[in-house]
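Grab a coffee and work through these exercises with the model open beside you. Try each task before you read its solution.

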Amino acid sequence: MSPPAAPSRAIDRIVKQPAALKPPPHLLDHAATCAAFSWDDAAKDLDGLPAGGLNIAHEAVDRHLAKGRGGRTAIRWLGKAGERRELTYADLAAATNRFANALAALGVQPGERVFVLMGRLPELYVAVLGALKARCAVSPLFSAFGPEPIATRCEMGDARVLVTTPELYKRKVQGLRERLPGLRHVIVVGDAEPGTMRWADVVDTASADFTIGATDPESMSLLHFTSGTTGRPKGAIHVHAAVLAHLVTGRYALDLHDDDVFWCTADPGWVTGTSYGIIAPLVNGVTNVVVEAEFDAPTWYGVLEQERVTVWYTAPTAIRMMMKLGTEALAGRDLSALRFMASVGEPLNPEGVVWGLEAFGRPFHDNWWQTETGGIMIANYAAMDIKPGSMGKPLPGITAAIVKRVEGGG
C-alpha cells in the first residue's frame, strides 16, 4: 500500500459527522479512548484455548458457539451465477473441523504451509480457517496470478499443500509440479485431475469433531506476499497473536457492532481480503458477505440493497470507477441500512470522500496500513470529522511518527 498522496486543493472542507449516530460508534472520543486503551485489557475479549495459547480460528469461529451464537450467519456467499449459500457459525465450525482433520489424515504437520488458490468460493474460507485450526501456516494466492507468480510464492513459502480448482490447476499449476518437489498434496474443489485429490473425498468425509492443539501465540499463522511490482515479492509473516489487532481494528476502525452485515470487497489473495474479508468480521461475530463476482457497479449496488449491508469496506479504484459512472445506477435503490463506508489499498482522493456524500448520503472513511502490519494502523473513525485527503488518526495502542532521513552527517 502506497503512502497517502498530498491532499487535493480542489476540495478545502471538513466533512462533519452527524451529531447522533446510531448505533453510537465504539470510538466517540479519540483522545480519551487512546489514553485509556490497554492491549492487555483488550485481550480479555478473546477466549484463548483450553489447551493453551491463542488460535485465530478458535477466536473467529468456535468461541461464538460457546456464547450461544452458533445459529448466526457467519458467511453469506453470493455466487456469480446467482447461487447463494449461508454458513452459520456452527456450520463453519464443523466444516473447518473437517478440513483440519483431513490435513491430519494426510500427515500434514503444524507449521507446514498450506496455500490456497481459488476465487471467492466458500471452500476458500473453510480451507484458510481449517488450516489455522491445524496450526498450519496459510498463504492465500490471488487466483488471477499466472504460473510464474504462483511458482515463485510457492517456492519461497515452501508449499506443502495446495487447495485449488481443477481449472486453475490445469492452467496454472500442473506444469509447475517438477519445480515444487515439496508440494505433496493438491486438493481440488471439483473433479480430480491426475496428481490431485477431490475435496469431496478428502474433506467432506472427514470427522466434524476436532480439538485445536495448544497454539503458541507467536507461531506463524499467515504468510502474505507483497505485489512484486518493483521486484521479487517479499513474504510477510503474521502470527496467531495478530487476532487481537483484527478484533480491535474491526471494532474501532470499521465500527463493527454485534448485528452488522459486513462486506469487504477485497480478494483474500491480498492481505485486506484475509484480515478484513475473513478474520476481523468473524472475530467480531458479524455476518460476512462474500461476493464471488468481480466489480460491476449495478451488481454491487444490488448487493448493498438486497443484503442490507451496514458496513462496507472497499478500494479507491472501485470508488473512482463508480464516480465515472455517475449516480444514475443508484436511482431508486434503498440503501438505508448502510451506515459506514471505508476505503483502503491506495490513497483515496478527496473528491472520492465527498462523492460518497452525494451518492450514498455518507462519506468514505479512508484508512492506512500495509501488508507488513497485517491490520489497520491509522483511520478516519465513524464519529470523527473528516478532512478529505487525510488518512486520519492512529488506532488506540498505535503510535504514529514521522521519521526524517538525514543524508550524511554524524
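Buried means under 20% relative accessible area, exposed means over 50%, and partly exposed is anything in between. Keep in mind that this is a predicted model.

**Exercise 1. Work out whether Asp-158 and Asp-255 are buried, partly exposed or exposed, and look at their backbones too.**

Start with where they sit. Asp-158 is in the loop between helix H6 (147–157) and strand S5 (159–164). Asp-255 is in the loop between H9 and strand S10 (261–264).

Now the backbone. Asp-158 isn't a glycine, yet its phi is positive, at about 55°. Asp-255 isn't a glycine either, and its phi is positive as well, near 55°.

Last, accessibility. Asp-158 has a relative accessible area of 34%, so it goes down as partly exposed. Asp-255 has a relative accessible area of 2%, so it is buried.

**Exercise 2. Find out how enclosed helix H9 is, and what it packs against.**

Count first: 8 of the 10 residues of H9 (residues 243–252) are buried, so the helix is largely enclosed by the rest of the structure.

Next, name them. The buried residues are Val-243, Leu-244, His-246, Leu-247, Val-248, Thr-249, Gly-250 and Tyr-252.

Then look for their partners. These buried residues pack against helix H1 (30–36), helix H2 (39–42), helix H3 (56–66) and H10.

Follow two of those partners a bit further. H10 is mostly covered, with 13 of its 13 residues buried, and after H10 comes Gly-285, with a positive phi near 75°. Over in H1 you'll find His-30. His-30 has 17% relative accessibility, so it counts as buried. Leaving aside neighbours within four places in sequence, His-30 is in contact with Tyr-381, Lys-393 and Pro-394.

While you're in this part of the chain, check the segment before H1, where Pro-23 sits. The peptide bond from Lys-22 to Pro-23 is cis, with omega near -10°.

**Exercise 3. Describe the second largest cavity: its volume, its lining and the elements that supply that lining.**

Begin with the search: over the whole structure, it turns up 2 cavities of 30 Å³ or more. The second largest has a volume of about 40 Å³.

Now the walls. The lining is made of Leu-222, His-224, His-238, Ala-242, His-246, Val-271, Ser-275 and Gly-374. Strand S8 (220–225) and helix H10 (271–283) are the elements that give two or more residues to this lining.

Sort the lining residues by type and you get 3 nonpolar, 5 polar and no charged. You've already met one of them: His-246 is on the list of buried residues of H9.

**Exercise 4. Place Leu-223 in its surroundings.**

Leu-223 is in strand S8. Its relative accessible area is 8%, so Leu-223 is buried.

For contacts, skip residues up to four places away in sequence. Leu-223 then touches Phe-115, Val-138, Ser-139, Pro-140, Gly-157, Gly-235, Ala-236 and Ile-237.

Now try a distance. Leu-223 and Leu-132 are 91 residues apart along the chain, and their C-alpha atoms are separated by 12 Å.

**Exercise 5. Which residues touch the most other members of the largest nonpolar core?**

This core has 97 residues, and the two to pick are Phe-99 and Tyr-313.

Take Phe-99 and list what it touches, again not counting residues up to four places away in sequence: Val-126, Ala-127, Gly-130, Ala-131, Val-163, Ile-187, Trp-199 and Val-203. Apart from the largest core lies another one, of 28 residues, among them Val-291, Tyr-301, Leu-330 and Leu-335.

**Exercise 6. How many disulfides are there, and what is the situation of Cys-154?**

The cut-off you need is two cysteine sulfur atoms within 2.5 Å. By that rule, the count is 0.

Cys-154 shows how this plays out. The cysteine sulfur nearest to Cys-154 belongs to Cys-136 and is 15 Å away, and Cys-154 is in no disulfide.

Finish with accessibility. Cys-154 has 4% relative accessibility, so it counts as buried. Cys-34, at 25% relative accessibility, counts as partly exposed.

Technical notes: Residues numbered from 1 in each chain as written. Predicted model: local features only at pLDDT ≥ 70, side-chain atom pairs only at ≥ 80, totals over all residues. Heavy atoms only, no water. Core = buried A, V, L, I, M, F, W, Y, C linked by side-chain atoms within 4.5 Å. Buried < 20%, exposed > 50% of the residue type's maximum accessible area, 1.4 Å probe, protein only. Contact = heavy atoms within 4.5 Å. 1 Å grid on protein atoms, 1.4 Å probe; cavity = no way out; pocket = protein on both sides within 12 Å on 5 of 7 lines; lining within 4 Å. Points joined across faces, edges and corners; volume = space filled by probe spheres on them. Helix = DSSP H or I, 4+ residues; strand = E, 2+ residues; numbered from the N terminus. Nonpolar A, V, L, I, M, F, W, Y, C, P; charged D, E, K, R; others polar.
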